[in-house]
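User: I'd like to go through this model and check what the labels really rest on. Can you take my questions one at a time?

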Amino acid sequence: MKKIGILGGMGPLATADLFKKIVLLTDANSDNEHIPILIDNNTEIPDRTEHIINNGEDPTMHLIKSAIGLEKMGADVIIMPCNTAHYFYEKIIKYVDVPFLHMIEETAKEIKSKYPNVKKIGLLATEGTYQSLIYDKIFEKYDLPLVKPKEGNKKYIMELIYNIKKGKMDMDLTNFKNVLKELKEDEVDIFILGCTELPVAFEIFEMDKEFACVDPTKVLAYSAIQFVGKKVNNK
């Protein structure tokens, strides 16, 4: 059976969330029917946003080493549950010979297929993801209308993301929810949870019941399952 390699550690909880989603979404009736998954929970990878915005330590070589390591361990496909890290995607794939699924491109395909009449798509992400334009470039290719929060509101998204990374759960979500409500008033139909801590936050605080959203982590899980030839559990 083909193996999935997860280039993780950005952060550990988001990595665990992707692993859990793959297991839950795989159509399997026993341990032996599940997909073998290799995980490099590489917590030594420098902060991607800090590098993109403030010229902090470059994570490229750490990412490349992890990808090479997963391939050497037998991964038939690599996936990476970090949106911002896809800024370095083109550099990483030069060093591996196995397929490397692009989470943002898979998300664009999913939206194009399931939401053909969408008016506006709100992107919730890190400052690094916003400034790197990794979503803009791919969504433009698929002719998908992307909308971002106002500059003064992006800090509330970053605050939530880094609180989740810290394991802080007793937080006031008022400002964050106001950002979403303001975007909805601007005719945003759905939100992309464009940082892998956001799906975790939305589930914990049940915000997925209040706002229509697309979870790139879940999209990536679906794509990886199908790539290795397994069926998705539709129960």
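Analyst: Sure, and let's start with the sheet. It is open, has four strands in the order 5-4-6-7, and pairs in parallel. Strand 5 and strand 7 (213-214) sit at its edges. Keep in mind that this is a predicted model.

User: What makes strand 5 and strand 7 edge strands?

Analyst: Each of them pairs on one side only.

User: How do you know that strand 4 pairs with strand 5 and with strand 6?

Analyst: Pairing takes at least two bridges between the strands. Strand 4 and strand 5 have two bridges, in the parallel sense, so they count as paired. Strand 4 (residues 121-124) and strand 6 (residues 190-193) are joined by four bridges and also run parallel, so they count as paired too.

User: Which residues stand opposite Ile121?

Analyst: Leu146 in strand 5, and Ile190 in strand 6. Further along, Leu124 has Leu193 of strand 6 opposite. Leu124 and Leu193 are 69 residues apart in sequence, yet 5.5 Å apart in space, C-alpha to C-alpha.

User: Which way do the residues of strand 4 point?

Analyst: Ile121 and Leu123 point one way, Gly122 and Leu124 the other, and all are buried.

User: Why is Leu124 called buried?

Analyst: The label needs under 20% relative accessible area. Leu124 comes in at 0%, so it counts as buried. Leaving out neighbours within four places in sequence, its contacts include Tyr130, Ile157, Phe176, Leu180, Leu183, Cys195 and Phe202.

User: What makes Leu124 stand out in the largest nonpolar core?

Analyst: That core has 40 residues, and Leu124 is one of those that touch the most other members, along with Phe139, Leu160, Phe176 and Leu198. Elements giving two or more residues to this core include helix 5, strand 4, helix 7 (134-141), helix 9 (174-185) and helix 10 (198-204). There is also a second, separate core of 20 residues, with Leu7, Ile52, Ala75 and Tyr89 among them.

User: Which residues does Phe176 contact?

Analyst: Beyond its neighbours within four places in sequence, Phe176 is in contact with Leu124, Tyr156, Ile157, Leu160, Leu198, Phe202 and Met207.

User: How do you know whether Ile104 is buried or exposed?

Analyst: Its relative accessibility is 0%, so Ile104 counts as buried. Ile104 lies in helix 5 (residues 103-114). Outside the four-place window in sequence, Ile104 is in contact with Asn83, His86, Ile134, Tyr135, Ile138 and Phe139. As for Leu38, that residue is 66 places from Ile104 in sequence and 21 Å away in space, C-alpha to C-alpha.

User: Why is Asn153 called buried?

Analyst: The cut-off is under 20%, and Asn153 has a relative accessible area of 15%, so the label applies. Asn153 is found in the loop between strand 5 (146-147) and helix 8 (154-166). Not counting residues up to four places away in sequence, Asn153 touches Val179 and Glu182.

User: And why is Leu13 called partly exposed?

Analyst: Buried stops under 20% and exposed starts over 50%. Leu13, in helix 1 (residues 12-25), has 39% relative accessibility, so it counts as partly exposed.

User: What makes Leu13 eligible for a surface patch?

Analyst: Patch residues need over 30% relative accessible area, and Leu13 has 39%. Leu13 forms a nonpolar patch with Met169 and Ile204, and together they have about 240 Å² of accessible area.

Conventions:
Residues numbered from 1 in each chain as written. Predicted model: local features only at pLDDT ≥ 70, side-chain atom pairs only at ≥ 80, totals over all residues. Heavy atoms only, no water. Patch = residues over 30% accessible without salt bridge, like charges linked within 9 Å, V, L, I, M, F, W, Y side chains within 5 Å. Areas by Shrake-Rupley, 256 points an atom, 1.4 Å probe, with all protein chains shown as cover. Salt bridge = Lys/Arg side-chain N within 4 Å of Asp/Glu carboxyl O. Buried < 20%, exposed > 50% of the residue type's maximum accessible area, 1.4 Å probe, protein only. Contact = heavy atoms within 4.5 Å. Core = buried A, V, L, I, M, F, W, Y, C linked by side-chain atoms within 4.5 Å.
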